[in-house]
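Below are some notes for a colleague who has not seen this structure before. They follow the display.

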Amino acid sequence: MLTLSWTDVNRLAQAADGPIVGALDGSLLGWKSAAPTNEPDAVAAVVSAGIPRAAAAWRPILGPLGRRADIVGIFTHCTPKVEFTDGAGDLQHCELADLLIVVDDVTGASPDRRAMLVQAKQGAPPTKTLTESGDLVQLELLSTWPSFTFYQKPYFRADRDIGASGTPGRVSQSGEYGMIDLQARPPGWAHAAPANPLIFAAQSTLGLLLARMVCGAAGREVTIGGSDPWSDTVETLLQVTFHAAAASYPGRPSRGVSTPAYFYDDGSCGGLGLLVDAGKERPVVLRGGGGGGASSDGDAPSEPGPINVVRVVISRASD
């Protein structure tokens with residue numbers, strides 16, 4: 001990952017947080033034409049409007065360092081579901097997470113990857129106590145990471161122990177919670193480690209998380225092409241969501257468009273495909289959506305369970 005001064009990390013964080021806040025307060029509109037009022041809409045707004053503008057805001061910071069950032073976001077109403085045996089020996093089902101963030105640095109002799117899963121919650125920092133049974137089940141998953149398995153197609157049904165010996169990085173860096181506060185002025189997106197209650201620091205923003213992942217100070221290491229459970233899980237999630245959505249884009253982006261944001265629709269989750277041109281700041285429809293919707297937690301859903309994705313690729317400015 002990039003070697004950055006903390007001054008540059010903070011500049012990147014602030015540059016990203018500006019458009020992220022703009023997406024949350026409705027001053028930047030993505031695939032919807034109104035300010036978000038709930039958690040899914042907030043995630044959609046950030047992915048389809050905030051993220052592309054964040055990439056544009058990073059260019060004058062990374063350019064003098066000889067680097068550029070291309071950021072792709074994919075929003076989907078669906079989410080992958082997993083099952084695991086909890087500490088009491090009971091079989092539990094829950095969402096894996098709402099969002100997968102992947103940062104690839106391709107400037108070295110071999111690509112370097114970091115990834116993190118994020119579960120979004122709507123509320124007001126600095127603390128949130130989880131009380132609902134479904135939330136507590138997912139908290140156990142994100143805080144203890146027992147062996148789990150996807151239980152829906154097209155994922156292979158196999159145990160995944162992402163904390164097993166031989167997996168890269170630290171298992172504690174696999175996931176965090178993101179708190180979306182739409183009532184504050186300005187609204188915000190803060191982060192916290194899995195715990196109960198969740199404790200959010202005002203400065204732990206989504207923009208700072210992205211900036212810290214770029215310099216290797218956050219997120220968990222991933223071995224690209226690795227067969228270990230963690231690396232394979234990240235790649236599998238990308239294959240199901242990112243590659244499926246990106247394949248729908250007809251050819252390379254037009255000149256000056258390097259930060260597309262796709263709304264992925266597999267025909268069952270419903271929605272609209274779009275490309276956000278970060279230079280012209282306008283959505284371009286790629287394809288129509290379908291009907292249907294996501295199943296509730298605990299029920300085996302019929303849809304393939306893609307996940308929201310933010311993928312950052314750091315390359316040389318001359319590439």
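1. Does Ala-217 count as buried, partly exposed or exposed, and at what relative accessibility? This is a predicted model. In it, Ala-217 has a relative accessibility of 28%, and therefore counts as partly exposed, since buried would require under 20% and exposed over 50%.

2. On its surroundings: Ala-217 sits in the loop that links H4 to strand E11 (220-222). Apart from neighbours within four places in sequence, Ala-217 is in contact with Trp-6 and Arg-212. Its C-alpha atom is 9.7 Å from that of Arg-114, although 103 residues separate the two along the chain.

3. Trp-6 and Arg-212 also take part in the packing of two helices, where Trp-6, Val-9, Asn-10, Leu-12, Ala-13, Ala-16, Asp-17 and Ile-20 of H1 meet Leu-206, Gly-207, Leu-208, Ala-211 and Arg-212 of H4. The residues of this contact comprise 9 nonpolar, 2 polar and 2 charged.

4. On geometry: H1 (residues 6-25) and H4 (residues 206-214) pack with their axes 7 Å apart, at an angle of about 140 degrees. The two helices are therefore oblique to each other, and their crossing is right-handed.

5. Helix H3 covers residues 133-144, and its 12 residues should span 16 Å at 1.5 Å a residue; the end C-alpha atoms are 16 Å apart, so the two values agree. After H3 comes Trp-145, with a positive phi near 45 degrees.

6. The buried residues of H3 are Asp-135, Val-137, Gln-138, Leu-139, Leu-141 and Leu-142. Their cover includes strands E2 (81-85), E3 (91-95), E5 (112-122), E7 (148-150) and E8 (175-181).

How values were computed. Residues are numbered from 1 along each chain as its sequence is written. This is a predicted model: local features need pLDDT of at least 70, side-chain atom pairs count only at pLDDT 80 or more; totals for chains, interfaces and linings use all residues. Side-chain values use heavy atoms; hydrogens and water are left out. Helices (H or I, at least four residues) and strands (E, at least two) are DSSP runs, numbered from the N terminus. The expected span of a helix is 1.5 Å times one less than its number of residues. Buried means under 20% relative accessible area, exposed over 50%, partly exposed in between (1.4 Å probe, protein chains only). Contact means heavy atoms within 4.5 Å. Axes are lines fitted to C-alpha atoms, for helices over the stretch in contact, and angles run from 0 to 180 degrees between N-to-C directions. Angles under 35 degrees count as roughly parallel, over 145 as roughly antiparallel, 65 to 115 as roughly perpendicular and the rest as oblique. A crossing is left-handed if the near helix is turned anticlockwise from the far one by less than a right angle, and right-handed if clockwise. Ala, Val, Leu, Ile, Met, Phe, Trp, Tyr, Cys and Pro count as nonpolar, Asp, Glu, Lys and Arg as charged, and the others, Gly among them, as polar.
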